[in-house]
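This report covers salt bridges, one helix, enclosed space and one lysine in a single protein chain. The chain is shown first.

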Amino acid sequence: MEIQIKKFSGEFRCVNKLGKLLGEKIRDQITDADTSKERIRLAKAYPDWMRTGMKLAEEHPPLTHALRCGIADSVNLPYSEVFAGWYEELTYIDTVDKERLKDTGCTDLVIKQGELIIAHTNDEAIDSESELMKLGAAGFPEITAVFSGASPSVACNSAGLVFSGNQIDANDTRPGIPRSVLYMEACFSNTLDEARRILLNPHRASSFNNILADYNGNVVNIEASAKASAEVPLDDGALVHTNHFIWLSDREGRVGKPLTGSKKRLSRAEEEIEELGEDFDVEDVIKIMKTHGKGGLCRHNDIETDTCFSTLFLPERGIMIYGKGFPCSATYRAYRFSKKGRP
């Protein structure tokens, strides 16, 4: 695949003003999305979770707190309602019967056979929208992120870092700092160690499975719950993660269809990567993201799930490739997010 870089400019502001700009861009995702409305309802049903989460999130991730304040001002909503929109854990605790959890989630492919390639498909509720944005705050790396809902799903920054990963549902989820808040805070990091420290904040409510990489080709998978974590570096070969625990299996909270669906995607992606052989390129990896059928990564015409976007990262070249909509029909465009690493 010939990679042609598209121009994508951003401007630097203070974090609060950046939040106001962000609120303007994703206003509909905040005010009209069914997910946000549901979490605002849940926030009223679980006031103890809200009090604990808001207090801790104000004390520990200060940048994201200022960002959310700016968003609240921009969309003219109470801060608590904006915060609730970032509090994914509310949805999980309200579903007592885990069989009823939707089979939503994402898939990550990490291939390090020569150049490091990280691919991500993002599954959301049907008709969800995604928005690619470049965010700049004075004194911090410039962030390129895809927002799905009111918070970032994947990101990279001008310090040469990549932030991918996917949702996992743990059985030790608790009141605390929402994982989306910590994820956004980590996006302002300059190093992998700094990002790791933020993501594994001991006051976290839960965690994503985080895949972090830098422009030197270092990559690590951090599978975590609220109280435990396991780090799996990849020096060579391939790694796949979907939406269930692999290294912390005792923390698994999914059951039924959501769990079996995640395992099918994991198995299918591993099989597809194995068939790549040694001579492959970015286009071949995109073909894996376009797969349909049992365990396919391009999901639509489903009763509850759409793949609303997909991305590839080439960290050593500072390039992000983004396809909005279903991978099978998306037009992929490349953007440079960092000047670090090789040309």
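The text below goes through these topics in turn, for a model that is predicted.

**Salt bridges**

Side chains of opposite charge can pair when their charged atoms come close. Searching the whole structure gives 14 salt bridges. Three of them are listed here.

| Pair | Closest N to O distance |
|---|---|
| R51 and D48 | 2.2 Å |
| K55 and E59 | 2.8 Å |
| E88 and R179 | 3.0 Å |

Helix α4, residues 47-59, contains R51 and D48, which are three residues apart and so separated by about one helical turn. R51 is exposed because its relative accessible area, 52%, is over the cut-off of 50%. D48, at 47%, is partly exposed. K55 and E59 also belong to α4, where they are four residues apart, about one turn of the helix. Of these two, K55 is exposed at 51% relative accessibility, and E59 is partly exposed at 48%.

Where do E88 and R179 lie? E88 is in the loop between α6 (79-86) and α7 (89-94), while R179 is in helix α8, so their salt bridge ties together parts that are 91 residues apart in sequence. Both E88 and R179 are buried. Salt bridges with shared partners join E88, R179 and E89 into one network.

**Helix α9**

Helix α9 spans residues 192-199, and its buried residues are L192, A195, R196, I198 and L199. These residues are on the same side of α9, because the arc they cover around the axis is only 165°. Exposed residues D193 and R197 are carried on the face turned away from that buried side. The cover over the buried residues of α9 includes helix α8 (179-186) and the strands β8 (162-166), β9 (209-213), β10 (219-224) and β11 (229-233).

**Cavities**

Rolling a probe the size of a water molecule over the atoms shows where empty space is left. The structure has two cavities of 30 Å³ or more.

The largest cavity holds about 50 Å³ of space. Its lining consists of I30, S36, I40, L77, E81, V82, G85, W86 and A150. Which helix supplies the largest share of this lining? Helix α6 does, with four residues. Both α3 (34-45) and α6 supply at least two residues each. By class, six residues of the lining are nonpolar, two are polar and one is charged.

The second largest cavity holds about 40 Å³. R179, L182, L199, S206, S207, F208 and N210 line this cavity. The lining has three nonpolar, three polar and one charged residues. Two of its members have appeared above: R179 is the salt-bridge partner of E88, and L199 is one of the buried residues of α9.

**Lysine 264**

K264 is a residue of helix α10, which covers residues 256-274. Is K264 buried, partly exposed or exposed? K264 is partly exposed, with a relative accessible area of 43%. Leaving out residues up to four places away in sequence, K264 touches K294 and G295. Between K264 and S310 the C-alpha to C-alpha distance is 19 Å, and the two are 46 residues apart in sequence.

How values were computed:
Residues are numbered from 1 along each chain as its sequence is written. This is a predicted model: local features need pLDDT of at least 70, side-chain atom pairs count only at pLDDT 80 or more; totals for chains, interfaces and linings use all residues. Side-chain values use heavy atoms; hydrogens and water are left out. Buried means under 20% relative accessible area, exposed over 50%, partly exposed in between (1.4 Å probe, protein chains only). Contact means heavy atoms within 4.5 Å. The arc is that of the directions from the helix axis to the C-beta atoms. A salt bridge is a side-chain nitrogen of Lys or Arg within 4 Å of a carboxyl oxygen of Asp or Glu. On a 1 Å grid over the protein atoms alone, a cavity is a set of points where a 1.4 Å probe fits but cannot get out, and a pocket is an open set with protein on both sides within 12 Å along at least five of seven lines; lining residues have an atom within 4 Å of a point. Grid points are joined across faces, edges and corners, and a volume is the space filled by probe spheres set on the points. Ala, Val, Leu, Ile, Met, Phe, Trp, Tyr, Cys and Pro count as nonpolar, Asp, Glu, Lys and Arg as charged, and the others, Gly among them, as polar.
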